[in-house]
Amino acid sequence: MRIPIFILILATSSAVYAQKLKTVEGEYTYHAPKNVTLEDAERIAVDRAKIQALADAFGTIVSQYNATRVKNSDGHSEIDFTSIGGSEVKGEWIETIGEPEYKQLVYENGMLVVTVKVKGRAREILSASIDFQARILRNGIEDKFESDLFKNGDDLYLSFSSPVSGFLAVYLVDADNQAFCLLPYRNQSNGIYPIEANRRHLFFHEQSAPPQERPLVDEYVMTCERTSEHNQIYVIFSPNQFVKAVDGNLQDGLPRQLSFDDFNKWLVNCRKKDTSMTLRMIPITVQKE
């Protein structure tokens with residue numbers, strides 16, 4: 001009797017982790033304000049085209065929260081009514097197929113207009129994702145130093161907290177499409193970084209790390225060879241154990257690295273197998289002066 005039960009458990013587990021992916025397409029036209037660069041406009045247009053594709057394929061969740069507050073003062077009553085509405089798509093983007101197709105890059109009345117079409121594989125969101133907090137910090141270890149704009153020579157830190165225990169990986173993808181593994185640290189041989197629930201973790205700052213971990217900590221200083229460079233921070237968290245991508249120490253003094261294509265293949269494979277894995281992408285800009 002044990003063998004059929006064991007097979008049933010395996011089948012159930014496979015159904016959970018091997019959720020079927022759907023091919024989706026989306027198109028979006030973005031009218032960029034004058035202070036937005038071409039590179040930023042293209043990135044925003046692609047992100048919104050993905051959201052449009054997910055909304056078309058899986059629909060959206062519309063929510064509204066109403067609150068009424070009554071205040072009594074000197075025999076008079078004041079009533080405050082608050083209504084907060086919003087919507088979220090019911091799917092998540094797993095991988096992009098091919099390159100985005102830019103149909104239009106024009107200026108109308110001094111405004112840049114970008115039209116883009118994207119195609120990819122996605123899956124429906126069947127349960128709520130883990131709502132962790134991740135903040136990129138500039139030249140300070142408190143959350144008030146959160147920033148997406150860095151100057152050449154600035155220090156970079158990350159604060160992270162999660163309502164559940166799990167495992168964390170952090171990568172930086174630079175303007176040359178190289179992926180650098182910021183966490184786990186270079187000298188962590190097991191390729192994983194465990195996270196304790198309900199605790200604020202501070203990364204890339206040696207003195208804030210637990211004493212036994214300080215010899216492992218890597219501290220990062222942002223550099224910029226061009227006038228301005230756009231990078232993307234990938235914060236990857238799961239309650240299930242996973243191991244970082246295969247990478248190498250290609251340059252002294254830099255984190256382990258691999259090509260973006262190899263990194264993306266690893267990430268897509270992880271997310272296909274683990275529906276509990278949550279990804280947050282945080283864009284940052286580094287300026288030379």
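In this predicted model, strands E10 (residues 166-173) and E11 (residues 178-183) pair in the antiparallel sense over 4 bridges. Within this pairing, Leu172 has Phe180 of E11 as its bridge partner. The two strands form a hairpin with 4 residues between them, and in that hairpin Asn177 takes a positive phi near 60 degrees.

Strand E10 also pairs with two further strands. With strand E15 (residues 228-238), E10 forms 7 bridges in the antiparallel sense, and Leu168 stands opposite Phe237 of E15. With strand E12 (residues 194-195), E10 pairs over 2 bridges, again in the antiparallel sense; here the bridge partner of Phe167 is Pro194 in E12. The burial of E10 can be stated in full: 8 of its 8 residues are buried, so the strand is largely enclosed by the rest of the structure. Buried here refers to a relative accessible area under 20%.

The pairings of E10 are set out below.

| Partner of E10 | Sense | Bridges | A facing pair |
|---|---|---|---|
| E11 (residues 178-183) | antiparallel | 4 bridges | Leu172 and Phe180 |
| E12 (residues 194-195) | antiparallel | 2 bridges | Phe167 and Pro194 |
| E15 (residues 228-238) | antiparallel | 7 bridges | Leu168 and Phe237 |

Some of these residues also border empty space in the model. The second largest pocket holds about 550 Å³ of space. It is lined by 21 residues, of which Leu172, Asp174, Phe180, Thr223 and Leu254 are the closest to its centre. Leu172 and Phe180, bridge partners across E10 and E11, are thus both among the residues closest to the centre of this pocket. Strand E11, strand E14 (220-221) and strand E15 each supply at least two residues of the lining.

The structure also holds 1 cavity of 30 Å³ or more, and the space in the largest cavity is about 30 Å³. Its lining includes Phe167, Leu168 and Ala169, together with Pro184, Gly191, Ile192, Tyr193, Phe242 and Lys244. Phe167 thus takes part in the bridge to Pro194 of E12 and in the lining of the largest cavity.

One of the lining residues, Pro184, is also part of an unusual backbone feature. A cis peptide bond, with omega of about 5 degrees, joins Leu183 and Pro184. Pro184 lies in the loop between E11 and E12. Most peptide bonds are trans, and most residues other than glycine have a negative phi.

Two further loop residues have a positive phi. Asn139, in the loop between strand E7 (133-138) and strand E8 (149-151), has a positive phi of about 60 degrees although it is not a glycine. Asn139 counts as partly exposed because its relative accessibility is 38%, a value that falls between the limits of 20% and 50%. Asn198, in the loop between E12 and strand E13 (201-203), has a positive phi of about 55 degrees, and it is likewise not a glycine. Asn198 counts as exposed because its relative accessibility is 68%, and the exposed class begins over 50%.

On the surface, Leu38, Tyr102 and Leu105 form a nonpolar patch, and together these residues have about 260 Å² of accessible area. Leu105 is found in strand E5 (residues 101-108). Leu105 is partly exposed, with a relative accessible area of 43%.

Technical notes:
Residues numbered from 1 in each chain as written. Predicted model: local features only at pLDDT ≥ 70, side-chain atom pairs only at ≥ 80, totals over all residues. Heavy atoms only, no water. Patch = residues over 30% accessible without salt bridge, like charges linked within 9 Å, V, L, I, M, F, W, Y side chains within 5 Å. Areas by Shrake-Rupley, 256 points an atom, 1.4 Å probe, with all protein chains shown as cover. Salt bridge = Lys/Arg side-chain N within 4 Å of Asp/Glu carboxyl O. Buried < 20%, exposed > 50% of the residue type's maximum accessible area, 1.4 Å probe, protein only. Pairing = 2+ DSSP bridges. 1 Å grid on protein atoms, 1.4 Å probe; cavity = no way out; pocket = protein on both sides within 12 Å on 5 of 7 lines; lining within 4 Å. Points joined across faces, edges and corners; volume = space filled by probe spheres on them.
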